Amino acid sequence: LQKVQQQKNKSKMVLEACFVCIDNSEWMRNGDYIPSRWDAQKDTLNMVCGSKIQSNPENSVGVISMAGRRVNVVLALSTDIGKIMADLQSIQIQGKCDFLSSLKIAQLGLKHRPNKHQRQRIIMFVGSPVTEDEKTLVQVGKKLKKNNIALDIISFGSPTNNEKLMKLVETVDNAENSHFIYIEGGSVMSDIVLTSNLIQESFGDSGAAGGAGPTGTSAHEFGIDPNADPELAMALRISMEEERARQEKERLKEGEGEGEGEKAGDDASAAKADEGKKEETPATEEKMEVTKEGDQNLDTMDDDQLLQHALALSMEGQEGGESSEPKQEGTEKKEEAKAEVKDEAGADAKFEDPNFVKGLLEELPGVNIEDPEIQNALKSLEEKTEDKKDDAEKDNKEKEEDK
């Protein structure tokens, strides 16, 4: 049944190459559509492109902007929906719409499509006046029909175009493969296009009958209308119920297996815990011999006695640590005293240096270094340092002579 359904879906999936022409003329600034002509058109275009890509992963979509200095191919045929959405944001409103040139460029782009097995389609958004006459449009429509190109036109904002554009679609139409949609002002454009044949036919007959949207969903179960094919719908429903029953049985079996596994794990952990206790008892007994309660045996103790014993051991460890702390404090004090003595000796040596004292006095605010008393003190300090240097040199010479 699944193979039959897949074959039916494949037969309904249309392989298509499609160019979407967007009207970005100055007329798109009007606010007669919700929220504006330009925003409503972009939302609808996003929906149309998404429906084409989702209906068949091998479908390709290109985007053409019809207004500005010239007609611009914003994006060549692509299957990347993310790239399509990103490039749509780069289009700006400018100039006037060139309807006929856009149609010809889209036709040329479809002619050079990479996959020649794809059917050809052009979707045009028209919200500004079309200057070409009906005769010219009919001639272009005949060429499109000759090249097997389908044409969909979404007209809005300019009802004067409807007669010419409808005639163009009738000329191109071949077995109802082309559509004309007119959207009146004040309505939501995307909602009207969503319920039209332009979107419904992207997902096949079952999607159209069941009200399939751009996401490919259907109002009927399994995407099949029971009235159209009751036997297939019944078979799919029965197979689905059997699959649910089978999955429910597997869940119950897995639940029972997990319960047995948990019991076995608990038994194994309990056995390991017992072995660990047996291995730990000799070591704990040796420790008990050292403590005051060395006559007792851990096997005969209850939980309260074991807790008291553990507290006693921890208290002994803390007392041992406290007894070692005074020794460490004494050694630290001695080292600090030695360091203080060294620092004091270094400080005295600095103050005996006349250059250091002179620089220090110059930095002090309110001190005049040229004061006679300060000069006399600095001279006496220099003489003392020179005498000490002489005494040190004499001592060094006497030591060398003794050696």
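This briefing walks through one chain, with most of the attention on helix 5 and its surroundings. The model is predicted, so local features need pLDDT of at least 70 and side-chain atom pairs count only at pLDDT 80 or more, while totals for chains, interfaces and linings use all residues. Residues are numbered from 1 along each chain as its sequence is written, and side-chain values use heavy atoms, with hydrogens and water left out.

**The chain overall**

- There are 13 helices and 6 strands here, taken as DSSP runs numbered from the N terminus (helices are H or I with at least four residues, strands are E with at least two).
- Of the 403 residues in the chain, 31% are buried; that label means under 20% relative accessible area, with exposed over 50% and partly exposed in between (1.4 Å probe, protein chains only).
- Take the contacts (heavy atoms within 4.5 Å) with a separation of 6 or more: 67% of them come from residues 24 or more positions apart.
- About 26300 Å² of the chain is exposed, and carbon and sulfur atoms supply 49% of that; the areas come from the Shrake-Rupley method with a 1.4 Å probe, and for residues only the protein chains shown count as cover.

**Helix 5**

- Helix 5 covers residues 134-146, so to speak 13 residues, and reaches 18 Å from its first C-alpha to its last, close to the 18 Å expected at 1.5 Å a residue (the expected span is 1.5 Å times one less than the number of residues).
- Its buried residues are L137, V138, V140, G141 and L144.
- Seen down the axis of helix 5, those residues fall within an arc of 165°, so they line one face of the helix; the arc is that of the directions from the helix axis to the C-beta atoms.
- Over on the other side of helix 5, you'll find K135, K142, K143 and K146 exposed.
- The buried residues of helix 5 pack against helix 4 (99-111), strand 4 (119-126), strand 5 (149-156) and helix 6 (162-172).
- After helix 5 comes N148, with a positive phi near 60°.

**Q107 in helix 4**

- Q107 sits in helix 4 and counts as buried, because its relative accessibility is 17%.
- Leaving out residues up to four places away in sequence, Q107 touches I122, K143, L144, N147 and I149.

**The strand 2–strand 3 hairpin**

- Strand 2 (residues 60-65) pairs with strand 3 (residues 72-78) in the antiparallel sense over 4 bridges; pairing requires that DSSP finds at least two bridges between two strands.
- V63 stands opposite L75 in strand 3.
- The two strands form a hairpin with 6 residues between them, and G68 in the turn has a positive phi of about 115°.
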